Amino acid sequence: MSKTFSGQVALVTGAGNGIGRATALAFAAQGIKVVVSDVDANGGEGTVAQIRDAGGTASFVRCDVTRDAEVKALVDATVATYGRLDYAFNNAGIDIEQGRLADSTEAEFDALMNVNVKGVWLCLKHQIPIMLAQGGGAIVNTASIAGLIAAPKMGIYCATKHAVIGLTKSAAVEYGKKNIRVNAVCPAVIDTEMFRRAEATDPKKGAFARAMHPIGRIGQAEEIAAAVLYLCSDAAGFTTGVALPVDGGVTAL
Ligand code: NAD
């Protein structure tokens, strides 16, 4: 790991909480300089404080990933601050309590597509030219097991995560010969605010979600962070275009 990562620079979106925060901390623990980004400044600054307290290097850039100009400014700020961009974890995403597809609304559709799909595409759009110019890099996008299998009463969220995998595979194929690897990580239920909010809204759905993992428990954000670091590392040098389930066995069912 240390050979892979020494002196490198990572950018993490949605890093003010949950999976993004855990991954920003994990990158920093490897000696990587981290740009922590989130639309929530308090959360993002909190992550930076945790990294600095642990002796790492990080800075916060506020960015709403749905806005082209803000994503461009985020990538520009990364290069201006640390000189390069080796690893990008495009993780910002939202969930919205939905009914079945026929009961879902246009506003829910637009909000979910905007953050989960357009946000990831805008990140790729602005990160890839930097990586092309410097001769390579590795990108991981956060999909979900809902990008691989159906998710009843989460149908639009499910469609957004399938789209993230489509973007991931296309980018991997388009830029493979340019030394840019692009993969997706597909978590099952992870113990973050996103899950806790959903569980509080619908305790029955929460109980079902807790019980569905063959491994007998829900996951921890640090377990997704470990997979992201693997996908970014030289150990995954021949791995691109994959959607890696980190799911306690759910998609094996
Ligand atoms: P979280 O709600 O704890 O964190 C998400 C972060 O993204 C927040 O800090 C939020 O402020 C930020 N964010 C939201 N909209 C944004 C925007 N427009 N621009 C920039 N930042 C924005 O959620 P989490 O569980 O850590 O989720 C992270 C990713 O993992 C999401 O893409 C989510 O869909 C995915 N995921 C989560 C689970 C789970 O069970 N928690 C399972 C599968 C996939």
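This briefing walks through the ligand site and the salt bridges of the structure above. Please keep in mind that the model is predicted. The ligand has 29 residues around it, and the structure holds nine salt bridges.

**Around the ligand**
- The closest residues to the ligand are I19, D38, Y157, I190 and T192.
- Sorted by class, the shell contains 14 nonpolar, nine polar and six charged residues.

**Polar contacts and cover**
- A polar backbone atom of I19 sits 2.8 Å from an oxygen atom of the ligand.
- The side chain of Y157 places an N or O atom 2.7 Å from a ligand oxygen atom.
- V65 offers a polar backbone atom 3.0 Å from a nitrogen atom of the ligand.
- On its own the ligand has 830 Å² of accessible area, and the protein covers 92% of this.
- Elements giving two or more residues to the shell are α2 (18-29), α6 (155-175) and α7 (193-201); α7 gives the most, with three residues.

**Salt bridges**
- R84 and D86 meet through their side chains at 2.8 Å, N to O; R84 is partly exposed at 30% relative accessibility, whereas D86 is buried at 5%.
- E97 pairs with K205, with the closest N and O atoms 3.7 Å apart. E97 lies in the loop between β4 (87-90) and α5 (106-134) and K205 in helix α8 (residues 203-211), so this pair ties together parts that are 108 residues apart in sequence.
- R67 and D64 also form a side-chain salt bridge, at 3.7 Å, N to O, and R67 is partly exposed with a relative accessible area of 49%.
- A network of salt bridges links D191, E193 and R196.

Note on methods. Residues numbered from 1 in each chain as written. Predicted model: local features only at pLDDT ≥ 70, side-chain atom pairs only at ≥ 80, totals over all residues. Heavy atoms only, no water. Near = heavy atom within 4 Å. Polar contact = N/O pair within 3.5 Å; in protein donor to acceptor, adjacent residues only side chain to side chain. Areas by Shrake-Rupley, 256 points an atom, 1.4 Å probe, with all protein chains shown as cover. Helix = DSSP H or I, 4+ residues; strand = E, 2+ residues; numbered from the N terminus. Nonpolar A, V, L, I, M, F, W, Y, C, P; charged D, E, K, R; others polar. Salt bridge = Lys/Arg side-chain N within 4 Å of Asp/Glu carboxyl O. Buried < 20%, exposed > 50% of the residue type's maximum accessible area, 1.4 Å probe, protein only.
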